[in-house]
Amino acid sequence: MRMPGGGRLLLATCLGSLFVLVLFFQSITRPEPAMRTDSRPGKSRRSPLQTLYKGDQPELLAAQRSLQGRREHLEQGCLSHKRKRQVLSPEDLKHLIVDDKHGLIYCYVPKVACTNWKRVLMVLTSDGRYINPLAIPANEAHVAGNLRTLSEFSVPEINRRLRSYLKFIFVREPFERLVSAYRNKFTRSYNTAFHKRYGTKIIRRNRPDPEPEALEKGSDVSFPEFVQYLVDPRTQREEPFNEHWERVHSLCHPCLIHYDLVGKYETLEPDAQAVLELAGVQGTLQFPTSGKSTRTDGNMAARFFKHISPFYQKKLFNLYRMDFLLFNYSTPEYLRTR
């Protein structure tokens with residue numbers, strides 16, 4: 001059975017000015033992508049969805065088979081673990097970046113090459129202002145307003161784009177992503193905003209007899225303290241998780257929004273190439289490759305989890321279980337949850 005692919009977004013009024021978006025799945029068939037025309041009279045070309053579903057390009061076939069398998073696994077996972085119908089607010093659509101020129105919707109996930117994907121989309125949507133993704137400073141790629149998100153459109157416009165655009169997402173092994181987020185936000189001296197915002201709270205809550213300097217600066221949070229903070233029920237009662245460690249299924253809602261393509265960080269380059277080919281820009285734009293020599297991998301994650309007790313390992317795995325299930329990641333061998 002296929003996960004419903006079409007959707008209807010209804011806008012309801014609550015408490016006068018509060019609007020919510022409710023997504024109802026109606027059809028079990030994939031929406032037929034519309035023909036998209038370019039700017040030249042008399043010229044037309046397939047949309048990315050038409051290329052993906054009806055494509056006859058041999059170079060795409062192998063990649064398509066792998067990507068098709070991931071999408072089917074995601075759909076089956078959603079069917080097996082579906083919950084009651086969820087209400088989506090405009091806030092829930094703020095991670096979905098829209099490229100009207102090429103018919104793309106990308107849900108960005110921090111710590112899964114999202115800076116480079118934002119750079120690429122800035123090039124694609126800039127009408128020539130940007131040419132080389134790597135020439136765009138990383139901080140500029142994250143400036144609000146440089147890229148449009150789905151939350152900015154009216155309900156009919158949201159519906160039309162969800163039906164006819166290629167929707168894609170890139171995911172990563174959940175604990176490798178989590179360790180990467182910890183390393184970046186809590187072990188780098190320049191991330192003082194995160195230290196103040198989250199580090200001081202984590203230390204105050206989880207460290208016995210903290211030093212005054214630690215309470216003031218929050219710059220020496222340990223990984224075990226970070227894990228304790230994540231699994232503490234008070235944390236999510238107080239406020240939502242920060243996007244850097246929020247679960248992918250909570251950021252991108254893959255059981256409510258039918259993603260056509262699920263790329264993985266572990267196969268980033270070929271998967272990114274497939275997206276660019278589907279968008280028709282593979283000859284003019286190259287996805288930036290990472291030159292990092294200290295990228296967080298399974299071995300590094302294992303070293304961090306070595307200092308986490310089995311009790312907290314199990315609680316953390318349960319917290320991220322849905323991401324493991326939906327995106328077909330195995331339970332890490334280094335976990336001691338029994």
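In what order do the five strands of the open sheet stand? The order is E8-E6-E7-E9-E10, and the pairing is mixed. The model is a predicted one, in which local features need pLDDT of at least 70 and side-chain atom pairs count only at pLDDT 80 or more, while totals for chains, interfaces and linings use all residues. Residues are numbered from 1 along each chain as its sequence is written, and side-chain values use heavy atoms, with hydrogens and water left out.

The secondary structure of the protein chain comes to 15 helices and ten strands. Helices (H or I, at least four residues) and strands (E, at least two) are DSSP runs, numbered from the N terminus. Of the 338 residues of the chain, 51% count as buried; buried means under 20% relative accessible area, exposed over 50%, and partly exposed in between (1.4 Å probe, protein chains only). Among contacts (heavy atoms within 4.5 Å) between residues at least 6 apart in sequence, 67% join residues at least 24 apart.

Strands of a sheet pair through backbone hydrogen bonds, either parallel or antiparallel. Two strands are taken to pair if DSSP finds at least two bridges between them. Strand E8 (148-149) and strand E10 (261-264) stand at the edges of the open sheet with a single partner strand each, so one side of each is left without a neighbour in the sheet. Strand E6 (residues 96-99) runs antiparallel to E8, joined by two bridges. In this pair, Ile97 has Thr149 as its bridge partner, and Val98 stands opposite Arg148.

E6 also runs antiparallel to strand E7 (residues 104-107), with four bridges, and Ile105 in E7 is the bridge partner of Val98. E6 and E7 form a hairpin with four residues between them, and Gly103 in the turn has a positive phi of about 65°. Both faces of E6 are covered: Leu96 and Val98 on one side, and Ile97 and Asp99 on the other, are all buried.

At the other edge, E9 and E10 run parallel and are joined by four bridges. One bridge partner pair is Ile169 with Val262 in E10. From E10, Leu261 and Gly263 point one way and Val262 and Lys264 the other way, and all are buried. Helix H12 (residues 268-278) lies across strand E9 (166-171) and E10, running at about 170° to E9. Axes here are lines fitted to C-alpha atoms, for helices over the stretch in contact, and angles run from 0 to 180 degrees between N-to-C directions.

Helix H9 (residues 223-231) packs against helix H14 (residues 310-319) at an angle of about 50°, with the axes 10 Å apart. H9 is therefore oblique to H14; angles under 35 degrees count as roughly parallel, over 145 as roughly antiparallel, 65 to 115 as roughly perpendicular and the rest as oblique. Val227, Gln228, Leu230 and Val231 in H9 meet Tyr312, Lys315, Leu316 and Leu319 in H14.

Two further residues were examined. His195, in helix H7 (residues 192-206), is buried, with a relative accessible area of 3%. Not counting residues up to four places away in sequence, His195 touches several residues, including Lys185, Phe186 and Lys217. Asn242 lies in the loop between helix H10 (233-238) and helix H11 (248-252), and is buried with a relative accessible area of 13%. Leaving aside neighbours within four places in sequence, Asn242 is in contact with Phe194 and Tyr198.
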